[in-house]
Amino acid sequence: MKTKHHNNSELCRAIAQRIAATPQQRITFAEYMDLVLYHPQQGYYSSNQVKIGKEGDFFTSANLGADLGELLAVQFAEMWDILARPTPFTLVEMGAGEGLMAADILPYLQKQYPDCFGALEYIIVEKAPGLKAAQQQRLQNWPGEKVRWCSWEEIPPLSVTGCFFCNELLDAFPVHQMIRENGQLREIYVTIGRDDRFIEVIGELSTPQIAAYFALVGINLTGDNYPEGYRSEVNLAALDWVKTVASSLRRGYLLAIDYGYRADKYYHPQRSSGTLQCYYRHQRHHNPYLNVGHQDITAHVDFTALERQGKLCGLEKLGKTQQGLFLMALGLGDRLQALSTANMGIERVLQRRDALHQLIDPMGLGGFGVLVQTKGLSERSQAEPWERGARSLLGLSIP
Ligand SMILES: C[S@@+](CC[C@H](N)C(=O)[O-])C[C@H]1O[C@@H](n2cnc3c(N)ncnc32)[C@H](O)[C@@H]1O
């Protein structure tokens, strides 16, 4: 396998072996993306070389300071109230990166909402071993009965009363890539070309789940309104994830923050080359076969799929909003205002103001979607006092 110097050559060899072991000498794009990002030893996320933050390839809201975590903590405390203050109150953070959000949420709950903190157990589900180690290091001072790590399989069915939540998890799931060819829906596979580089080939759909996905979201890419060569992604892993979360949730919430669109916008005929993006040292491009193992690959999230799959799995949509509005409703505006009288140097004030503005910028992080789904809330009697607020949440109210 000939590789350019900025590819991870061991990873390229592992992918090439995987391809060579298949009967048709090809793997789906989703398998390729899964290996590139999550190969247990060499994958971008697994191999300790993912760097999230200003010095890395990309950054998330969690890198902008404690505000996201702390404002989420406000929301979790309200959820605990609405759920009638259960013990344990379980928060499950899925895909925790370097553990920044947990490190912001835990002390804030402890200080501002000690009763809620007393009832809290915080579970992290993290796929990448290197990131899990970084999280454990960062959170080492929290006792094991407060914070622990579980695999998906270790969370028993109907065991969680509380909230499953994630920030930028779903955009990091491997996606299948589809293309319209001769009026048919076909799939992109990855194979090895003559010069030993990874190249794409087009073939039949690898699984009937892809057609089922489009039926679920009500999109027909073979319709007359779509051009030949139209290409996009399907996140089947997100459907499995909704199913897994729904089956573990006894009573409470699923809160997902990510960038994406409703299905009609996601699969708009003019979005003809999909949403796949690669990030390498803060540069964005569209070639997933460059910098293999050294760059992030992401796709936008189809919120319609999450909502409809949720419904099939017993989750009710409570609301969908934008991150900017969500955080404003939870008190980000007060934080901005407080800066004008804050007792800190001007540089620090400007830096804080910039971070808060970035979190709510509708053209950036503030435009991310926040989807909240629930389970088991409406079963409770309307007469019970905690039920009063159950139909809504502070973060979903108009700020
Ligand atoms: C883009 S990072 C976001 C990290 C963090 N939430 C933040 O906001 O900075 C995606 C995270 O999800 C993790 N991840 C991806 N797929 C996962 C899965 N199936 N189960 C658990 N974690 C997963 C990655 O390893 C990584 O920690």
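**Ligand surroundings, cysteines and internal space**

A polar side-chain atom of Thr60 is placed 2.7 Å from an oxygen atom of the ligand. The model is a predicted one, and the distances and areas reported here are computed from it. Two further polar approaches to the ligand involve the protein backbone: a polar backbone atom of Gly95 lies 2.8 Å from a ligand nitrogen atom, and a polar backbone atom of Lys127 lies 3.2 Å from a nitrogen atom of the ligand. The ligand exposes 600 Å² when taken alone, and the protein buries 95% of that area.

The shell around the ligand consists of 18 residues. Thr60 and Gly95 are among the closest of these, together with Tyr38, Glu126 and Asn167. By residue class, the shell comprises 11 nonpolar, four polar and three charged residues. The polar approaches described above thus include one from a side chain, that of Thr60, and one from the backbone of Gly95.

The cysteines were examined next. The structure contains zero disulfides. Cys150 takes part in no disulfide, and the nearest cysteine sulfur, which belongs to Cys163, is 16 Å away. Cys150 is buried, at a relative accessible area of 10%, a value under the 20% limit for that class. For Cys313, the closest cysteine sulfur is that of Cys166, at 15 Å. A disulfide requires two cysteine sulfur atoms within 2.5 Å, and the sulfur of Cys313 is therefore too far from that of Cys166 for a bond. In contrast to the buried Cys150, Cys313 is partly exposed, because its relative accessibility is 23% and the partly exposed class lies between 20% and 50%.

Internal space was also assessed. Rolling a probe the size of a water molecule over the atoms shows where empty space remains. The count is one cavity of 30 Å³ or more. The largest cavity holds about 40 Å³ of space. Its lining is formed by Tyr213, Asn235, Ala238, Val301, Asp302, Ala305 and Leu306.

Methods. Residues numbered from 1 in each chain as written. Predicted model: local features only at pLDDT ≥ 70, side-chain atom pairs only at ≥ 80, totals over all residues. Heavy atoms only, no water. Buried < 20%, exposed > 50% of the residue type's maximum accessible area, 1.4 Å probe, protein only. Near = heavy atom within 4 Å. Polar contact = N/O pair within 3.5 Å; in protein donor to acceptor, adjacent residues only side chain to side chain. Areas by Shrake-Rupley, 256 points an atom, 1.4 Å probe, with all protein chains shown as cover. Nonpolar A, V, L, I, M, F, W, Y, C, P; charged D, E, K, R; others polar. 1 Å grid on protein atoms, 1.4 Å probe; cavity = no way out; pocket = protein on both sides within 12 Å on 5 of 7 lines; lining within 4 Å. Points joined across faces, edges and corners; volume = space filled by probe spheres on them.
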